[in-house]
Amino acid sequence: MAMHDGTQALNQASNQLSDDAHGYYTRGENIVDAKAPVGPIKDRWTNRKFENRLVNPANRRKLDVIIVGTGLAGGAAAATMGEAGYNVKSFCYQDSPRRAHSIAAQGGINAAKNYKEDGDSTFRLFYDTVKGGDYRSRESNVYRLAEVSANIIDQCVAQGVPFAREYGGLLDNRSFGGVQVSRTFYARGQTGQQLLLGAYQAMERQVGAGTVQEFTRHEMLEVIVVDDRARGIIARNMVTGEIETHLADVVVLATGGYGNVFFLSTNAMGSNVTAAWRAHRKGAYMANPCYTQIHPTCIPVSGEHQSKLTLMSESLRNDGRIWVPKNREDCEKDPRDIPEEDRDYYLERIYPSFGNLVPRDIASRQAKNMCDEGRGVGPLVGDFRRGVYLDFADAIARMGKKAVETKYGNLFDMYARITGEDPYESPMRIYPAVHYVMGGLWVDYDLQSNIPGLFVTGEANFSDHGANRLGASALMQGLADGYFVLPNTIRDYLADGPFEKVSEDHPAVVEARTSVEERITRFLSINGTRSADSYHKELGHIMWEYCGMERSEDGLRKAIDLIRELKADFWSNLKVLGTADSLNQSLEKAGRVVDFIELGELMCIDALNRRESCGGHFRAESQTEDGEALRHDDEFAYVAAWEWGGDSLDGGQPVLHKEDLIYTAIEMKQRSYK
Ligand SMILES: Cc1cc2nc3c(=O)[nH]c(=O)nc-3n(C[C@H](O)[C@H](O)[C@H](O)COP(=O)(O)OP(=O)(O)OC[C@H]3O[C@@H](n4cnc5c(N)ncnc54)[C@H](O)[C@@H]3O)c2cc1C
């Protein structure tokens, strides 16, 4: 692991020669300044914090901040900005901020505390994250993330988050994929829930203090941009149907990820792309939309009726061993009857250094390979068995059932309730499923999008994880953004405020509001025969088949055609029941689904353009002799930031802006976990 002084670039700007997506897009200007500081990497964040201008406490009261989203990113930001004395308006579509999808996070949160004295450090967390993301993330952002990681744990402990502790009372931690140290802090299998309760309490304290105003059951449907600055949002009150205008000096989107574009995913049913997509259509760039994380340990799909998949936390790979039968003939047998010598612990065999704790993209791809070879287990779905074993027999023999139960009990119970099988007695069956998106709205080092005054945090932005996120790093990023990064960077922007007052009859406000009203009227008036859900399901099939675990040039072209047909059909044959002026889930879904359709099209174009494999983006045309992802740094070491160029049904094409990824602190290498 070489360390450099950060003054010299260790790689060159990319020069793309291949052009698979020719005809589907146009080229825009390169992004030459993402505002990342220069100089030694360890000083960049300190210097930036010092350079950022301050806002004096008396002026903060005069500044209005809208934060859409109350998950870890948005909840932490609202609490911190409220505490600092700004006027915060916080929005979410659930009935309580506490129900944000972050509550589902199970396994843990990373921090470079080195409590185990096993060689961890800020630099190692930084290095692991850049390598884990297959050298497709921005190094300055990732270093900052590693740097503030330790503060997050202190902050949460001070809030009373009940992290797991060792017998002597010290905080415990465990390992996650892609690393060889133990740096994941956890609260059994409910880490997200406990962290969210911490952020929520801190935010509620500010509600009590009068600095934060909450708007639950409100769905943001448009960004208001006045004189090229984000100045507010249009939201629909989901209970009464009223369309509301909210104005502010700055807008923050903390609206989560869009994995539900695949219909089936481990995300909460409500997670969607609408807030980000509306901002994209208003001019915000969407970066690396094709980078999707497919998590290796989920409960396999059991049939066509399903609308949701369930994750089995990555923490289980600390003690569980993954295997398939060596011989196809054994696939139907009870796993307990298959002797040790007939089992293939394939991750331990192929990757002896990391074993079962290889990163997610690699574990997922190998599970798929085993099933493609005909060695999958579980029931036949079509002519294919989608499952591999995750076995705790050794762990139970080594640690005892009680110890396994203490560590993973609630996950085992969840598995038993869903499958009807007892994982203490027989191995779990798992299979990869869509889980997280590394792509999202483009932001600079300050987390500001290319629309001034529009900041984006948490899973909704693209910034830190490159082409593959390491486990337990999303919670770290959401809380880093919300508690530490955004409150520092947004200040510099707000130092120029308060901005000139905008009235509700300003043409840009009227335009935003009218566009929302017209869209709703359009959904209700098509009066066709198909539900929004049926379009969503069909889109999900297309995306999984052609833009899922493996992507090819032909498949992606086919997917784009199919998505365009689906979109045309949506606009002519959609059926939305009910009215606009009441609670109407069918109307809510229509808006979300058509945004997913447009996003899906862009994801396929992005995947088609990137003729390399990196992290979760595996192009069949670009693999090593052993079937591992093969990057092409000379052509693709860049962030693909896409600008909305109009609807393809009207002949529009997205515009590609490239931001070169220049490394000064670590050299780019072919990833190896062997
Ligand atoms: C099952 C599961 C387990 C996971 N476990 C872990 C783990 O152990 N460790 C880890 O690091 N990561 C984990 N992750 C990933 C992690 O949970 C998420 O990436 C993270 O919680 C996202 O937080 P967020 O604040 O960005 O968004 P979210 O928590 O998704 O919050 C989004 C917020 O935006 C609001 N919103 C969205 N759109 C609108 C709109 N249009 N109008 C108004 N409000 C809107 C929602 O109401 C919500 O409040 C897991 C993910 C899943 C699916």
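D228 sits in the loop that joins β7 to β8 (229-237). The model is a predicted one. In it, the backbone of D228 has a positive phi of about 65°, although D228 is not a glycine. Is D228 buried or exposed? D228 is exposed, because its relative accessible area is 61%, and exposed means over 50%.

A second aspartate makes a useful companion. D134 also shows a positive phi, here about 55°, and is not a glycine. Its place is the loop between α4 (122-132) and α5 (139-159). D134 has a relative accessible area of 2%, so D134 counts as buried, the limit being under 20%. To recap the pair: D134 is buried, whereas D228 is exposed.

Two further backbone features are worth a stop. The peptide bond from G497 to P498 is cis, with omega near -10°. P498 belongs to the loop between α12 and α13 (507-526). Elsewhere, G283 takes a positive phi of about 125° just after α7.

Now turn to the ligand. The shell around the ligand counts 37 residues. The closest are Q94, S102, G107, E459 and L475. Which elements each supply at least two residues of this shell? They are α3 (72-84), β7 (218-226), β18 (428-437) and α12 (474-494). β7 provides the largest share, three residues. This is the strand that precedes the loop of D228. By class, the shell divides into 17 nonpolar, 17 polar and three charged residues.

Backbone atoms of the protein come within polar contact range of the ligand at several points. At L475, a polar backbone atom is 2.8 Å from an oxygen atom of the ligand. At Y93, a polar backbone atom is 3.1 Å from a ligand oxygen. At S473, a backbone N or O atom lies 3.4 Å from an oxygen atom of the ligand. How much of the ligand does the protein bury? Taken alone, the ligand exposes 1000 Å², and the protein buries 97% of that. L475 thus appears twice: among the closest residues of the shell, and with a backbone atom 2.8 Å from a ligand oxygen.

Next come the pockets. The second largest pocket has a volume of about 740 Å³. Its lining holds 28 residues. V301, R386, H541, W544 and E545 lie nearest the centre of this pocket. Three elements, α9 (360-372), β18 and α14 (532-547), each supply at least two residues of the lining. Which element gives the most? α14 does, with five residues. The lining has 16 nonpolar, five polar and seven charged residues. β18 links two parts of this tour: it supplies at least two residues to the ligand shell, and at least two to the lining of the second largest pocket.

The interior also has enclosed space. How many cavities of 30 Å³ or more does the structure hold? There are five. The largest has a volume of about 130 Å³. It is lined by 16 residues, and E598, E601, W644, G646 and P654 lie nearest its centre. The elements that give two or more residues to this lining are α7 (274-281), α15 (553-573) and α16 (585-609). α16 contributes the largest share, four residues. By class, the lining of the largest cavity comprises five nonpolar, six polar and five charged residues.

Stay with α7 for a moment. This helix is mostly covered, with seven of its eight residues buried. The buried residues are T274, A275, A276, W277, R278, A279 and H280. α7 gives two or more residues to the lining of the largest cavity, and G283, with its positive phi, comes just after the helix.

The second largest cavity has a volume of about 80 Å³. T292, Q293, I294, D361, S364, R365, N468, M549 and G616 line it. β12 (292-298) and α9 are the elements that give two or more residues to this lining. By class, the lining has two nonpolar, five polar and two charged residues. α9 is another element with two roles: it gives two or more residues to the lining of the second largest cavity, and at least two to that of the second largest pocket.

Conventions:
Residues numbered from 1 in each chain as written. Predicted model: local features only at pLDDT ≥ 70, side-chain atom pairs only at ≥ 80, totals over all residues. Heavy atoms only, no water. Near = heavy atom within 4 Å. Polar contact = N/O pair within 3.5 Å; in protein donor to acceptor, adjacent residues only side chain to side chain. Areas by Shrake-Rupley, 256 points an atom, 1.4 Å probe, with all protein chains shown as cover. Nonpolar A, V, L, I, M, F, W, Y, C, P; charged D, E, K, R; others polar. 1 Å grid on protein atoms, 1.4 Å probe; cavity = no way out; pocket = protein on both sides within 12 Å on 5 of 7 lines; lining within 4 Å. Points joined across faces, edges and corners; volume = space filled by probe spheres on them. Buried < 20%, exposed > 50% of the residue type's maximum accessible area, 1.4 Å probe, protein only.
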